[in-house]
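Me: I have a chain in front of me and would like to learn how to read its features one by one. Could you guide me through them?

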Amino acid sequence: MMEDSAIDGLKHYEEAIKRDVMFDEIADKLVPKELLNGEEVSIIFRLSSNSKKMDYYLKQVLPTKNRGYALEFCEVLKEAGFRWIVDKIIPTRKDESTSKKRKSLPTEPKFKAATKNSENEDVVDAKRACAGSVENVAPAKIDHVNARETLSGDVKETKPEEMVVDGNLGVSKEMINIVSNDLYVLNGWVSLVHSLEMDSCLPQLRFEMALSPSSTTTIVTTLLKSWINMNPKKANLGALIQGLKESKFFFAASKLEDAFGTPQHGQ
């Protein structure tokens, strides 16, 4: 009974959900409740706007989940701070008369079953990109199987003394290992994401954490490799130490300075 009411409410308030709920902020909360899997997120992350992401999720993904999906999704909305939407989706007893009136009024278009003809061009391109069957489609920032390799790329086996970026030592694998094994960094890695200005990667990293909660060391390694590959001209030892200090990871910064020297100011 409650589930049926929740399904009806989701349909009615679909536009409000698409407008106010950011998919990237709830993706990691959907995984533990089995409301989202890697293949689905690979498609959704390729869509060009939040509205398109939420539209695809609400119409093509959520209705395919096990019975009880609507109430589980409402729990996710509560956890993400959208209780006011949930209160509208699932009315209290005193609001039941309002709910009945709502059913008699014209509502938002009902969820449609997924068909090839009903999918817009963005969704078709996203699915084809995941399958690797279309040329000229940019590769995704994350792939649920090889996410770490896709997002991070690789760091060349180069001796630190041979790596120079903007007059400063480049970031070596040894440096990455030092940072990735620092307990303070492991407990507060999101702060380092902000300090290194890698916020665009945060949704993908959070999703990886949801899939493998015990892989924090790998997540930090992925973050640093991604930072190097996305910022080849400024990703150097000095910038890494500065980012660590901005995040108040002074112990890791000190270990880098002890091992590789203190970069000149401004480098």
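Reply: What follows is a walk from the whole chain down to single residues, in a model that is predicted.

Me: Let me start with the whole chain, then: how many helices and strands does the chain have?

Reply: A first look at any chain is a count of its elements, and here there are 17 helices and 2 strands. A second look asks about burial, and of the 267 residues of the chain, 46% count as buried. A third look asks how far apart in sequence the partners of a contact lie: among contacts between residues at least 6 apart in sequence, 71% join residues at least 24 apart.

Me: When two helices pack together, what should I read, and at what angle do helix 3 and helix 6 pack?

Reply: One reads the angle, the separation of the axes, the handedness and then the residues that touch. Helix 3, covering residues 23–30, packs with helix 6, covering residues 69–79, at an angle of about 120°, and their axes are 10 Å apart. Angles from 65 to 115 degrees count as roughly perpendicular and those over 145 as roughly antiparallel, and helix 3 and helix 6 are therefore oblique to each other. Their crossing is right-handed. On the side of helix 3 the contact is made by Ile26, Lys29 and Leu30, and on the side of helix 6 by Phe73, Val76 and Glu79. These residues divide into 4 nonpolar and 2 charged, with no polar ones.

Me: May I try the reading on another pair: where helix 11 and helix 15 cross, which residues make the contact?

Reply: Let us take the geometry before the residues. The axes of helix 11 (residues 173–180) and helix 15 (residues 216–230) cross at roughly 140° and come within 9 Å, and the two helices are therefore oblique to each other. The crossing of helix 11 past helix 15 is right-handed. Helix 11 contributes Ile176, Val179 and Ser180 to the contact, while helix 15 contributes Thr217, Val220, Thr221, Leu224, Lys225 and Ile228. Sorted by kind, the residues of this contact are 5 nonpolar, 3 polar and 1 charged.

Me: Now for single residues: is asparagine 50 buried or exposed?

Reply: Burial is read from the relative accessible area, with under 20% as the cut-off for buried. Asparagine 50 has a relative accessible area of 16%, so it is buried. Its place is in helix 5, which spans residues 50–61. To see what surrounds a residue, one sets aside its neighbours within four places in sequence, and asparagine 50 is then in contact with Lys18, Val21, Met22 and Phe23. A polar atom of the side chain of asparagine 50 lies 2.7 Å from the backbone nitrogen of phenylalanine 23. The C-alpha atoms of asparagine 50 and aspartate 20 are separated by 9.4 Å, although the two residues are 30 residues apart along the chain.

Me: With which side chain does the side chain of lysine 53 make a polar contact?

Reply: The partner is the side chain of aspartate 24, at 3.3 Å. Lysine 53 is also found in helix 5, and with a relative accessible area of 11% it is buried. Not counting residues up to four places away in sequence, lysine 53 touches Phe23, Asp24, Ile44, Phe45 and Leu47.

Me: Can the idea of burial be applied to a whole helix, and how many residues of helix 16 are buried?

Reply: One counts the buried residues along the helix. In helix 16 (residues 237–246), 7 of the 10 residues are buried, so this helix is largely enclosed by the rest of the structure. The buried residues are Leu237, Gly238, Ala239, Leu240, Ile241, Gly243 and Leu244. At the N-terminal end, helix 16 is capped by asparagine 236, where a side-chain oxygen lies 3.1 Å from the backbone nitrogen of glycine 238.

Me: What value does phi take at lysine 248, just after helix 16?

Reply: The general idea is that most residues other than glycine have a negative phi. Lysine 248 has a positive phi of about 65° although it is not a glycine. It lies in the loop between helix 16 and helix 17 (250–260), and at 63% relative accessibility lysine 248 counts as exposed. Glutamate 197 also has a positive phi, near 60°. Its place is in the loop between helix 13 (189–195) and helix 14 (202–211), and at 59% relative accessibility glutamate 197 counts as exposed.

Methods. Residues are numbered from 1 along each chain as its sequence is written. This is a predicted model: local features need pLDDT of at least 70, side-chain atom pairs count only at pLDDT 80 or more; totals for chains, interfaces and linings use all residues. Side-chain values use heavy atoms; hydrogens and water are left out. Axes are lines fitted to C-alpha atoms, for helices over the stretch in contact, and angles run from 0 to 180 degrees between N-to-C directions. Helices (H or I, at least four residues) and strands (E, at least two) are DSSP runs, numbered from the N terminus. Angles under 35 degrees count as roughly parallel, over 145 as roughly antiparallel, 65 to 115 as roughly perpendicular and the rest as oblique. A crossing is left-handed if the near helix is turned anticlockwise from the far one by less than a right angle, and right-handed if clockwise. Contact means heavy atoms within 4.5 Å. Ala, Val, Leu, Ile, Met, Phe, Trp, Tyr, Cys and Pro count as nonpolar, Asp, Glu, Lys and Arg as charged, and the others, Gly among them, as polar. Buried means under 20% relative accessible area, exposed over 50%, partly exposed in between (1.4 Å probe, protein chains only). A polar contact is a pair of N or O atoms within 3.5 Å; within protein, one must be able to donate a hydrogen and the other to accept it, and residues adjacent in sequence count only if both atoms are side-chain atoms.
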